[in-house]
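Hello,

Here is the structure I promised to pass on. Have a look at it first, and my notes follow below.

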Amino acid sequence: MSTQKSTSKKTIPIVNDPAQPVTRSLYEPHQKIYPRNISGLYKNWRWVMIWITQIVFYGVPWLQWGERQAVLLDIGTHRFYIFGLVLYPQDLIYLVVILIIAALALFLFTAVAGRLWCGFACPQSVYTKIFLWVERQVEGDRAARLRLDASKLTRNKLLKKMLKHSIWISFSVWTGFTFLGYFAPIRDLMQSILQLHLSPWETFWICFYGFATYGNAGFLREQICKHMCPYARFQSAMFDNDTLIVTYDEERGEPRSGRSRKVDAKQSGLGDCIDCNFCVQVCPTGIDIRNGLQYECISCGLCVDACNSIMDKMEYPRGLIRFSTQNALTHHWSQEQVVKKVLRPRVLIYTGLLLLMSAGLVYSLVTRVPFKVDVIRDRGVMSRIVAGGKVENVYQMQITNASEQVETFKISVSGIEGLSLASAKEFTVNAAESRMVAVSLQIADGSIKSGSHPVIFEIVANGSNERLFEKSIFYMSR
Ligand code: SF4
Ligand code: SF4
């Protein structure tokens with residue numbers, strides 16, 4: 001019997017096992033982005049905008065207007081105080097108009113300058129930038145952060161992470177407290193915190209908004225812009241080929257390649273992009289702008305700063321990545337030609353609508369009568385005969401004093417010959433309060449036909465001499 005072993009290799013066929021289907025996820029797992037720090041014009045402008053928006057946000061609730069908080073959206077009492085203006089639920093139209101104006105301004109701004117709002121003023125970008133700054137101060141720049149996250153858990157790593165999260169949480173709680181300060185008097189809120197007397201609802205809202213800040217700016221970051229923000233989805237409808245966007249000048253940059261400063265790019269047939277990837281490393285959304293316009297780009301301009309610094313080092317002209325328009329790139333337009341294209345029909349329409357709405361809002365606020373009156377005929381008390389052979393109708397009149405002084409209101413009535421006011425003619429209403437008063441009208445029985453007759457109440461504020469007219473009816477029974 002032969003004991004010799006066969007030396008030939010055995011081939012094992014690979015076949016699909018239909019019982020074990022391969023499942024592949026359609027979702028790409030999230031890769032944490034470690035944006036690199038950069039200096040430059042747009043980075044500086046981002047910080048200017050951060051300071052302005054944050055000084056406004058954290059400062060406004062502390063401003064006083066006379067005896068009260070200057071800006072207070074007091075939901076409990078249904079009053080919105082905005083400096084000298086007191087708005088009531090009946091004034092909801094002003095808030096609607098303000099929202100429409102804000103939307104139109106966003107449309108106009110987007111049509112002209114693309115997503116500058118996202119990169120420079122949106123709270124999500126602003127807080128992400130602040131949180132990233134804290135992260136950088138505690139953990140170091142990009143390379144150090146990458147090393148730290150890849151390293152084993154040591155005492156040093158734990159301390160750094162704890163410090164970073166403590167600062168993030170403190171900042172988030174302060175943000176939640178400030179947010180609530182727009183809806184409840186912030187000084188009282190501070191007292192309640194110091195005396196540990198916060199109500200459950202106040203505690204809930206501070207924690208809720210603080211948690212949202214911590215989660216959104218600390219962890220979700222660009223995920224909000226990429227996957228959750230509706231504006232990122234519909235802004236392309238406002239874009240056209242003359243909208244300013246962050247662009248990579250492909251004609252100038254390609255073919256890209258690394259090279260020494262001494263190499264003459266023209267002679268070597270190379271474009272100006274040295275493929276250093278700096279523009280990608282600084283991008284807070286982690287995209288490569290050289291792949292063209294992408295919806296993830298928030299127009300923060302950091303890649304412009306990054307590339308300009310590389311162009312300076314290479315002694316090439318700046319602007320390989322720059323704010324420009326698609327038409328300008330295609331047709332090689334100058335800056336003047338780009339500026340000329342700003343005033344195009346779409347922009348003019350948005351501007352016209354915006355001016356119209358703003359003028360309407362200003363006009364109605366300036367001419368606004370600082371009180372409101374609602375008159376309802378008391379249907380529970382139909383017309384009735386009273387002493388002296390007169391017929392009486394009773395009305396419920398709600399007078400809202402929207403000013404901040406106690407006001408006396410004088411009531412008179414017209415519309416029917418011989419009709420008189422049988423109740424008190426003057427009422428005093430406290431500042432920013434409403435008062436319901438009963439008003440009765442009388443007329444001699446038989447002096448008018450039976451049925452409904454229109455009447456007009458005139459209400460005059462003694463202090464301001466402003467007046468309002470309210471229509472109602474007087475009912476004469478058969
Ligand atoms: S920073 Fe400029 S040179 Fe560097 S890869 Fe980006 S586009 Fe090319
Ligand atoms: S591509 Fe440039 S402008 Fe767009 S988000 Fe990234 S860094 Fe900002």
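How many residues does helix α13 have, and how far does α13 reach from its first C-alpha to its last? Please keep in mind that this is a predicted model. Helix α13 spans residues 302-314, which makes 13 residues, and the reach is 19 Å, close to the 18 Å expected at 1.5 Å a residue.

The helix is mostly covered, with ten of its 13 residues buried. Among them are Leu302, Cys303, Val304, Asp305 and Ala306 at the start of the list, and also Ile310, Met311 and Met314. What covers the buried residues of α13 includes the helices α1 (41-59), α11 (250-253) and α12 (278-281), together with the strands β6 (245-248) and β7 (321-324). After the helix comes Glu315, which has a positive phi, near 60°.

Cys303 also appears in the surroundings of ligand 2. The other residues around this ligand are Val246, Cys283, Pro284, Thr285, Ile287, Ile289, Cys297, Ile298, Ser299, Cys300 and Gly301. Sorted by class, the shell has nine nonpolar and three polar residues, and no charged ones.

Elsewhere you will find an open sheet of three strands, in the order β3-β4-β5 and with antiparallel pairing. Its edge strands, β3 (71-74) and β5 (85-87), each pair on one side only. From one strand to the next, the twist averages 15°. Strand β4 (residues 79-82) is joined to β3 by four bridges, and Val71 has Ile82 in β4 as its bridge partner.

Happy browsing, and best wishes!

Note on methods: Residues numbered from 1 in each chain as written. Chains lettered and ligands numbered in written order. Predicted model: local features only at pLDDT ≥ 70, side-chain atom pairs only at ≥ 80, totals over all residues. Heavy atoms only, no water. Helix = DSSP H or I, 4+ residues; strand = E, 2+ residues; numbered from the N terminus. Expected span 1.5 Å × (residues − 1). Buried < 20%, exposed > 50% of the residue type's maximum accessible area, 1.4 Å probe, protein only. Contact = heavy atoms within 4.5 Å. Near = heavy atom within 4 Å. Nonpolar A, V, L, I, M, F, W, Y, C, P; charged D, E, K, R; others polar. Pairing = 2+ DSSP bridges. Axes fitted to C-alpha atoms, helices over the stretch in contact; angles between N-to-C directions.
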